Amino acid sequence: QVRFTKEIFKDYQEYLNRVNLYRQRLWTCKITGKSNLTYEEALVSEQLATERVQQFPKELVASVLHMVQFSTLKLIDLVNGICKKLQERLSEGDQLYGKKEQSVCPCKILKVHEVADKVLYEVGWINKDKIIIDKSVVKAEDLIRKKLPFGRDVLKAFIRESTSQSFPWIVHKNLAKQYGISTKLPEELRQKVLTRGSNLRIKNKDTVEEEGCTKKRKKTNFEGSAGTKKVKEEEEAEPIKYPIDDLLVQPGADDPVFTDRPTPSRDFSVPMDCVGDLLMVWDFCSSYSRMLQLWPFSLEDFQNAICHKDNNLVLIVESHSAILRLLIKEEGEYFTAIEKKSRSGKITLVTWTNYICDFLEMADVPQLSTYVATIKRGHYGLLDTHVKLGIFQELVSQALVTDAFRVQLGTYIEQRQELSSTRREVALEEGRKRREGKELRKAASGSKVSNGGTLQVPENQYDNIQNGHISMERDEEAHLSARKNVSKNRKSKSLKDSFCGSEDKDGANEADAKKNKDYLEREIEKRFVRTNPLGKDKNYNRYWFFARDGRIFVESPDSKLWGYYSSTEELDALLGSLNPKGVREKALHRQLKKSYDSISSGLQKRTKFIAHKIAMDEAVVRRSTRVRAPQRDSPALAFLSYDNKWKNR
């Protein structure tokens, strides 16, 4: 149930979508006009404004509504005009102060006399008991007007609450009838209304009516349970400026045909609420495998290993040991803890659980500490998947704050910046050459002499023109080669210097330029810093792509539901289902298009790998019927044969 609207939902996802919409600052209070509010803030604002409007002096309601009806002024100008008129205009019964015999005394207006162009007031002078003790006639300038009994904000709120539209201002029909206000459209306004395309309907050429429930503001297709109208508002006369919040986008006549969004696969071996932790741990181990001295393994192998009940599975042992060794090298709290227990520091298949128990005792995480006894008894494999991933998650958290990790991260960031700078310079250089080639071809083809000859390009200026590229003089040539790797030990040297400078009198061809670009992209990807989501869809689902796995993962807003896409057909269908009128889906569409080549390549590689794996599985089954092949020959059980090859280096 939504607390402040009392709406009740049977579907949790629908509830989350609605709450997320309410929390966004895109709501406007219909009484005060305040914008950039959350739904609840707009609700409170309207309640407070309603209370203030109810305090508006009842004796002034009729006169103010008469001044509002059919006015074409902006709200601020209308409010200023009304305030000025009310202060200038005095009526019978008003109590104020007046000048009498060079003194200021309280008085009450008894009668208003209009003589020619002048207005005179008959006033009764009153004492402290409000009793009239004398009478006289005074001029308007002899009376001292009191401050209005309401503020301008209250008047604004009163006008908004009392009207149904703002060009011209139209008082609600029931109020107009109650206070005897005409609903006949003045002759001078009729043409203006027709020209502006107002949402008024002229009845019998002189009566104005509201067009159904159409008002100045257009609201979304739902209201709160209490009928509140705090909505994202737009003037009907102005077109919507896209993109807007995705949940406010309505189908339009000019919309393209969107494809149906494919349903993600959800066949995970681990519990659904563990998928996020599984991805995080695997991504860390794979991305920083060199630093950890841990040979990379696939996500599928890691998932199968986590679910396996073996106590000393090599993949699991090596993954734990790699992170524990990093913590030992740090010589921090964990190093001190194992020294007190006189551990040798060498982690093996026999001793690794002792080091895990030491870590859990040091970390003192209540949810994990209770399983220390189970691990010591040699039953790690029987732990629940949540617990296994919880231990890994705590290990990764400790590894992320080590000096070794910070140094590695700093090095990667620096190298990525240098590579990105080189990439920009290469792109600028290629762009310059393309422009010069275009200009030269234009000059060569367009410069005809009168005798039909062609103006020749001097040989001493350009070597040649080929394939749209220009090969400049040697002192101007800066062709970059992608055949030399970046030296990781020469930190003081710019990464751009790792590319060989060479001359190519035949001109740099497109293939070489693409190789350079691809090489730089690969080098940047190698220097991994962190994985960022591709973006979100209209319902706040996050999309992730892991190049090492070759799948697009979909995460629900509460991270409790996961799925994935594993084919280019699903990628294309996803792209075709995104509506660029929404801010989130436009950003997601842009990122998917930008990374389309790398994502589709990863998806295709995975598809080929799966096909090869299926073929291998079938071959193993056929062979096993003849010679009883070992179980571990099956690719599905490859995790059982994992070998950390870094150990042999």
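A surface patch here is made of residues with over 30% relative accessible area and no salt bridge, nonpolar side chains being joined within 5 Å. All views show a predicted model.

**View 1. Nonpolar surface patch around Tyr97.** Tyr97, Val104 and Ile144 make up a nonpolar patch on the surface. Together the three residues have about 260 Å² of accessible area. Tyr97 belongs to strand 1, which covers residues 95-100. The relative accessibility of Tyr97 is 39%, so this residue counts as partly exposed.

**View 2. Salt bridge between Lys100 and Asp134.** The two side chains meet with an N to O distance of 3.3 Å. Lys100 is located in strand 1 and Asp134 in strand 4 (residues 132-139); the pair therefore ties together parts that are 34 residues apart in sequence. Asp134 counts as partly exposed because its relative accessibility is 34%. Strand 1 also holds Tyr97, a member of the patch in View 1.

**View 3. Salt bridge between Asp358 and Arg343.** The closest N and O atoms of Asp358 and Arg343 are 2.7 Å apart. Asp358 sits in helix 13 (residues 352-363), while Arg343 is in the loop between helix 12 (333-340) and helix 13, so the salt bridge ties together parts that are 15 residues apart in sequence. Asp358 is buried, at 3% relative accessibility. Arg343, at 29% relative accessibility, is partly exposed.

**View 4. Salt-bridge network that includes Asp358 and Arg343.** Lys341, Arg343, Asp358, Glu361 and Lys376 are linked by salt bridges into a network. The pair of View 3, with 2.7 Å between its closest N and O atoms, is part of this network. Among the members of the network, Asp358 counts as buried because its relative accessibility of 3% falls under the 20% limit.

**View 5. Salt bridge between Arg432 and Glu436 within helix 17.** Arg432 and Glu436 form a salt bridge in which the closest N and O atoms are 2.9 Å apart. Both residues lie in helix 17 (residues 403-446); because they are 4 residues apart there, about one helical turn separates them. Arg432 is partly exposed at 24% relative accessibility, and Glu436 is partly exposed at 23%.

The salt bridges of the model number 20, including Lys100 with Asp134, Asp358 with Arg343 and Arg432 with Glu436.

Conventions: Residues are numbered from 1 along each chain as its sequence is written. This is a predicted model: local features need pLDDT of at least 70, side-chain atom pairs count only at pLDDT 80 or more; totals for chains, interfaces and linings use all residues. Side-chain values use heavy atoms; hydrogens and water are left out. Patches are made of residues with over 30% relative accessible area and no salt bridge: like charges are joined within 9 Å, nonpolar side chains (Val, Leu, Ile, Met, Phe, Trp, Tyr) within 5 Å. Accessible areas come from the Shrake-Rupley method with a 1.4 Å probe; for residues, only the protein chains shown count as cover. A salt bridge is a side-chain nitrogen of Lys or Arg within 4 Å of a carboxyl oxygen of Asp or Glu. Helices (H or I, at least four residues) and strands (E, at least two) are DSSP runs, numbered from the N terminus. Buried means under 20% relative accessible area, exposed over 50%, partly exposed in between (1.4 Å probe, protein chains only).
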